[in-house]
Amino acid sequence: MTIRAVVKGVGHYLPERIVPNSEFEQTIETSDEWIRTRSGIERRHFVAEGQTTSDLATRAAEAALAHAGLTADDIDAIVLATSTADLTFPSAATMVQARLGMTRGFAFDVQAVCAGFVFALSNANALIVSGQAKRVLVIGAETFSRLMDWTDRGTCVLFGDGAGAVILEGETGSGTTDDRGILATDLHSDGRHKDILYVDGGVSTGTTGHLRMQGKEVFRHAVEKLAETAHAALDKVGLSGADVDWIVPHQANIRIIEGTAKRMQVPMDRVVVTVQDHGNTSAASIPLALSVGVQRGQIKPGDLVVTEAIGGGLAWGAVVLRW
Ligand code: UT7
């Protein structure tokens with residue numbers, strides 16, 4: 001008997017304010033044309049004053065619960081991927097737990113920056129497969145606008161705010177790759193690369209800090225490592241790029257997305273792309289893309305989906321699941 005963590009619902013929430021590339025032309029030396037051609041981004045959403053990561057996460061969680069036809073009482077655990085929790089502690093996950101009116105079970109944050117949702121999915125899968133939880137709410141939620149240095153044109157035009165969520169439920173499967181649910185995961189990190197992508201604040205500095213990135217270096221690692229981890233995850237269950245219905249990649253840069261799809265020999269019409277509308281929302285980008293992909297009618301039950309992401313750490317990984 002094989003227990004599979006099967007997706008029962010998906011949802012997302014984006015803050016109301018939409019900021020087009022042209023808005024940055026007024027404050028820094030940049031252009032809509034540069035941002036579009038170098039990153040694929042056309043617009044992004046930013047939170048309103050006072051709106052927090054747990055606010056976005058709660059809205060996304062409610063949407064996923066409604067989609068699954070479940071209530072918070074049906075959930076055993078919340079795993080929330082974020083690097084922008086409202087406070088240093090408690091976790092944003094416990095704040096969402098309270099907001100949903102959930103008084104049983106447990107909730108915690110996962111911090112693996114842009115790879116956070118892949119790490120959270122893998123953790124939730126482990127909880128389900130080991131029998132520690134039957135239904136897990138997995139959320140990716142971020143307010144990266146709070147980490148921007150608005151004078152640094154190399155970073156401030158790239159990021160956005162948002163949240164997405166999925167509900168995983170344990171089901172008995174046959175043990176073959178025909179099963180619905182998570183089929184394989186592949187996680188990595190290498191702390192030697194801290195200096196190419198980090199925030200220069202935290203409890204050691206007494207400040208929130210700003211995101212600092214050597215874009216070209218991160219780009220180089222991304223193109224190499226993303227296809228590698230996606231292939232490794234597929235290999236674990238004897239599948240290849242030819243079996244993939246949808247790549248749902250981390251949405252950082254269209255050129256990285258295209259480069260990874262090419263290396264996996266998957267055509268772009270089998271890749272869910274939302275980077276033009278959301279920018280890079282870090283741990284929220286994959287659940288946002290999953291939710292939008294379902295809304296668009298792209299991802300359907302039974303489809304083989306591969307998610308892959310890389311971010312600060314460096315931390316990177318992939319999850320293969322049948323929707
Ligand atoms: O989610 C975590 C993972 N993060 C990523 O995956 C991001 C990875 N990196 C990237 O997506 C790309 O490296 C960027 C989009 C950040 C930059 O693209 P690039 O092709 O690597 O450009 P670059 O950094 O080499 O910059 C090229 C030029 C530079 O000018 P010079 O030195 O050639 O004169 C930059 O100063 O573009 C300049 N530049 C800009 N120009 C207009 C940098 N930012 C801007 C800007 N507007 N916003």
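Here are some notes on the structure above, one topic per point.

1. Before anything else, keep in mind that you are looking at a predicted model. Everything below describes that model, so read the numbers as computed from its atoms.

2. Let's begin with the ligand. The shell around it is made of 22 residues, and the closest are Thr30, Arg38, Lys216, Asn253 and Asn280. Find those five on screen and you have found the site. As for the space the ligand takes up, that is the second largest pocket. Which elements give two or more residues to the shell? They are helix 1 (32-39), helix 5 (215-236) and helix 6 (254-263). Helix 5 gives the most, with four residues.

3. Now zoom in on the polar atoms around the ligand. Thr30 places a polar side-chain atom 2.6 Å from a ligand nitrogen. Asn280 also uses a polar side-chain atom, which sits 2.6 Å from an oxygen atom of the ligand. With Gly215, it is a polar backbone atom that lies 3.0 Å from a nitrogen of the ligand. How much of the ligand does the protein cover? On its own the ligand has 950 Å² of accessible area, and the protein covers 74% of that.

4. Next, the cysteines. How many disulfides does the structure hold? Zero. Take Cys156: the closest cysteine sulfur belongs to Cys114, but it is 16 Å away, which is too far for a bond. A disulfide needs the two sulfurs within 2.5 Å. Cys156 is buried, since its relative accessible area is 0%. Cys114 counts as buried too, because its relative accessibility is 6%.

5. Helix 8 (residues 285-295) deserves a look. Why is it described as largely enclosed by the rest of the structure? Because nine of its eleven residues are buried. Among the buried ones are Ser285, Pro287, Leu290 and Gly293. Just after this helix comes Gly297, which takes a positive phi of about 85°.

6. Some backbone angles are worth checking by eye. As background, most residues other than glycine have a negative phi, and most peptide bonds are trans. Val113 is not a glycine, yet it has a positive phi of about 50°. You'll find Val113 in the loop between strand 5 (106-110) and helix 4 (116-129), and it counts as buried because its relative accessibility is 17%. Ser282 is another non-glycine with a positive phi, about 55°. Its place is the loop between helix 7 (275-278) and helix 8. Is Ser282 buried or exposed? It is buried, because its relative accessible area is 1%.

7. There are cis peptide bonds to look at as well. One joins Phe89 and Pro90, with omega about 5°. Pro90 belongs to the loop between strand 4 (77-81) and helix 3 (92-99). Another runs from Gly313 to Leu314, with omega near -10°. Leu314 sits in the loop between strand 12 (304-311) and strand 13 (315-322). I'd have a look at both bonds in the viewer.

8. Asp149 is a nice example of a loop residue that is not out in the open: its relative accessible area is 15%, so it is buried. The loop in question links strand 6 (135-143) and strand 7 (161-173). What does the side chain of Asp149 contact? It makes a polar contact with the side chain of Arg212, at 2.9 Å.

9. For a contrast, go to Gly238, in the loop between helix 5 and strand 11 (246-249). With a relative accessible area of 64%, Gly238 is exposed. Where does Thr177 lie relative to Gly238? The two are 61 residues apart in sequence, and their C-alpha atoms are 8.6 Å apart in space.

10. Last stop: Arg220, in helix 5. Its relative accessible area is 44%, so it counts as partly exposed. Arg220 and Ala85 are 135 residues apart along the chain, and 28 Å separates their C-alpha atoms. Try drawing that line in the viewer, then do the same for Gly238 and Thr177.

How values were computed. Residues numbered from 1 in each chain as written. Predicted model: local features only at pLDDT ≥ 70, side-chain atom pairs only at ≥ 80, totals over all residues. Heavy atoms only, no water. Buried < 20%, exposed > 50% of the residue type's maximum accessible area, 1.4 Å probe, protein only. Near = heavy atom within 4 Å. Polar contact = N/O pair within 3.5 Å; in protein donor to acceptor, adjacent residues only side chain to side chain. Areas by Shrake-Rupley, 256 points an atom, 1.4 Å probe, with all protein chains shown as cover. 1 Å grid on protein atoms, 1.4 Å probe; cavity = no way out; pocket = protein on both sides within 12 Å on 5 of 7 lines; lining within 4 Å. Sits in = over half its atoms within 2 Å of the grid points.
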